[in-house]
Amino acid sequence: MLKIERKIPEVYNADVVVCGGGPAGFIAAIAAAREGAKTILVERIGFLGGMATAGLVGPISNFRYNGELIIKGIPWEFVREMEKLGGANPANPSGNVAFDPEIYKLVAERMIEETGVQVLLYSMITDVIVEKPGKLSHVIVENKSGKQAIACKYVIDCTGDGDILALAGFPYEISPTSELQPVSFVFHLGGVDTEALEPLYLGVGDEGGFNSELRQKLMEAQERGGDIPLFGGPWVVHGSTVRPGYVSVNATRKVCSCINNEELTKAQLDLRKDMFVLYSFIKDSIEALKDSYIITSAANIGTRESRRTVGLYELNIDDILSPKEFPDAIGKGSHPIDSHSATTAAQSLTWLKGAYNVPYRSLVPQDSQNVLVAGRNISATSEALASTRVQATCMALGQAAGAAAALCARFELPIAELDYAVLRSTLQKQDALI
């Protein structure tokens, strides 16, 4: 084996390094910086927003239960800032917020800059340095400037896929590929008669929110032996679109493990072909779409499930169906348990009786001294993840992780020793609902 030794310069240092600039990550960075922590946010592509902007996954689900806000704080502040620029519609009683991805990018970056967070875009995290079991001293990135080391006191893994967990050797869980929820590939259509399209917005209590007429036609075509690829939904709505004449389409579906690059590459190549097949069919099937055209497709595959942290507490299905009053509750969720089949068009949707709580311990990997997680890679069963993985909940957990990391830096504490009452009080001062 060829052995190459290379010196990596320590270019940056921070109290808190947030890895990943998606919905959980950029909110976490803002929360940490607002609590006085010197914060660096690392993102592998050239803009923030993750699945919302690179994946075009929308709407942002969901801020309300029975019309009442259950998630507020920095995530809701972000939505209201988008609204001021005409880039979000927060009025939907369901709490699903349709948005414009370009406004999303702009507002996320503006809030990050205003808070004083240092951002490293186009920077791929390739390694970490483990100072001792459970504690990282550096995060290693690679970009146009070469390999660079970031000295860190605390790290938040907001990569979605739990990349930091894997690099650092923390335990994690992942379902067999055949049992993972499928990936999708979202695209945008223009030239749509949105006034005639139903449903245009995802509502409360609808059976999945998909276009039932279009779904029926797709299923009939499959039964006739037509060349229709595997599909889900389809959702042809204002999701990551918000203006008249435009819709986002979430219809493609593929079995794939997003931590296996060969599978990920094949899925991407296949899904682009599937997108054009499905577009051709739906364009000819619905009157409101007859003059439509593809504007753009996602830069990234939309991932529903991959690595899950083995944390101090694993959120489970009972915690969601029968909500508990955890002493360390730091955020809420109320999205239905939304499980998609990887091999058929089926979707299992269980509506909840109320909003549930997520404990801080689900953000703390076992044996971790200075690493937290936030987003869809928290400690949760696969069933529970089917609810917690949505954007608004991920944002709320990002705010909690950012505040927690900043407090630990201030008091020089291992993350598992942070006083829950202090964290909850800090989040309430940040206008979070806990």
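**Close-up 1. Strand β1 sits between two parallel partners, β10 and β2****.** In this predicted model, β1 and strand β10 (residues 146–157) run parallel and are joined by eight bridges. To find your place in that pairing, look for Val18, which stands opposite Ile156 in β10. Strand β2 (residues 39–42) also pairs with β1 in the parallel sense, this time over four bridges. Here the landmark is Val16, with Thr39 of β2 opposite. How much of β1 (residues 10–19) is covered? Mostly covered is the verdict, with seven of its 10 residues buried.

**Close-up 2. A helix joins in: the β-α-β unit****.** Follow the chain from β1 through helix α1 (residues 23–34) and on to β2, and you have traced a β-α-β unit. Which hand does this unit have? The β1, α1 and β2 unit is right-handed.

**Close-up 3. Cysteines without disulfides****.** A disulfide is a covalent bond between the sulfur atoms of two cysteines. How many disulfides does the count come to? The count is zero. Take Cys19: the nearest cysteine sulfur belongs to Cys152 and is 7.8 Å away, while a disulfide needs the two sulfurs within 2.5 Å. Cys19 is also buried, with a relative accessible area of 0%. Cys408 tells a similar story, as the nearest cysteine sulfur is again that of Cys152, here 14 Å away, and Cys408 is in no disulfide. Buried or exposed? Cys408 counts as buried, at 0% relative accessibility.

**Close-up 4. A nonpolar patch on the surface****.** Three residues make up this patch: Tyr246, Tyr293 and Ile295. Together they have about 290 Å² of accessible area. Zoom in on Ile295 and you'll find it in strand β15 (residues 293–297). Ile295 counts as partly exposed because its relative accessibility is 41%, which lies between the 20% and 50% cut-offs.

**Close-up 5. Strand β20, one residue this way and the next that way****.** In a regular strand, side chains alternate between the two faces of the sheet. You can check the idea on β20 (residues 356–359): Tyr356 and Val358 point one way, and Asn357 and Pro359 point the other way. Which of these four residues are buried? All of them are. β20 has a neighbour too, strand β17 (residues 329–333), and the two run antiparallel, joined by four bridges. If you want a landmark, Gly333 stands opposite Tyr356 in β20.

**Close-up 6. Pro182 and Ser341, far along the chain but not in space****.** Pro182 belongs to the loop between β11 (172–173) and β12 (187–190). How many residues apart are Pro182 and Ser341 along the chain? They are 159 residues apart, yet their C-alpha atoms are separated by 6.8 Å. Despite its place in a loop, Pro182 is buried, with 0% relative accessible area.

**Close-up 7. A salt bridge inside one helix****.** The structure holds 22 salt bridges, and here is one of them: the side chains of Glu102 and Lys105 meet with N to O at 2.9 Å. Where do the two residues lie? Both are in helix α3 (residues 101–115), three residues apart, which is about one turn of the helix. Lys105 counts as buried because its relative accessible area is 14%, under the 20% cut-off.

**Close-up 8. Salt bridges that reach across the chain****.** Asp328 and Arg361 form a salt bridge whose closest N and O atoms are 2.8 Å apart. This pair links distant parts of the chain, 33 residues apart: Asp328 is in the loop between α7 (317–321) and β17, and Arg361 is in the loop between β20 and β21 (371–373). Asp328 is buried, at 1% relative accessible area. Another salt bridge joins Arg389 and Asp338, with 3.5 Å between the closest N and O atoms. Arg389 lies in the loop between α8 (382–388) and α9 (391–411) and Asp338 in strand β18 (residues 337–340), so this pair ties together parts that are 51 residues apart in sequence. Arg389 is buried at 16% relative accessibility, and Asp338 is buried at 9%.

**Close-up 9. A salt-bridge network****.** Which residues are linked in this network? Glu173, Glu305 and Arg308 are the members, joined by salt bridges.

Methods: Residues are numbered from 1 along each chain as its sequence is written. This is a predicted model: local features need pLDDT of at least 70, side-chain atom pairs count only at pLDDT 80 or more; totals for chains, interfaces and linings use all residues. Side-chain values use heavy atoms; hydrogens and water are left out. Buried means under 20% relative accessible area, exposed over 50%, partly exposed in between (1.4 Å probe, protein chains only). Two strands pair if DSSP finds at least two bridges between them. A crossover is right-handed if, with the strands pointing away from the viewer, the path from the first strand over the helix to the second runs clockwise. Patches are made of residues with over 30% relative accessible area and no salt bridge: like charges are joined within 9 Å, nonpolar side chains (Val, Leu, Ile, Met, Phe, Trp, Tyr) within 5 Å. Accessible areas come from the Shrake-Rupley method with a 1.4 Å probe; for residues, only the protein chains shown count as cover. A salt bridge is a side-chain nitrogen of Lys or Arg within 4 Å of a carboxyl oxygen of Asp or Glu.
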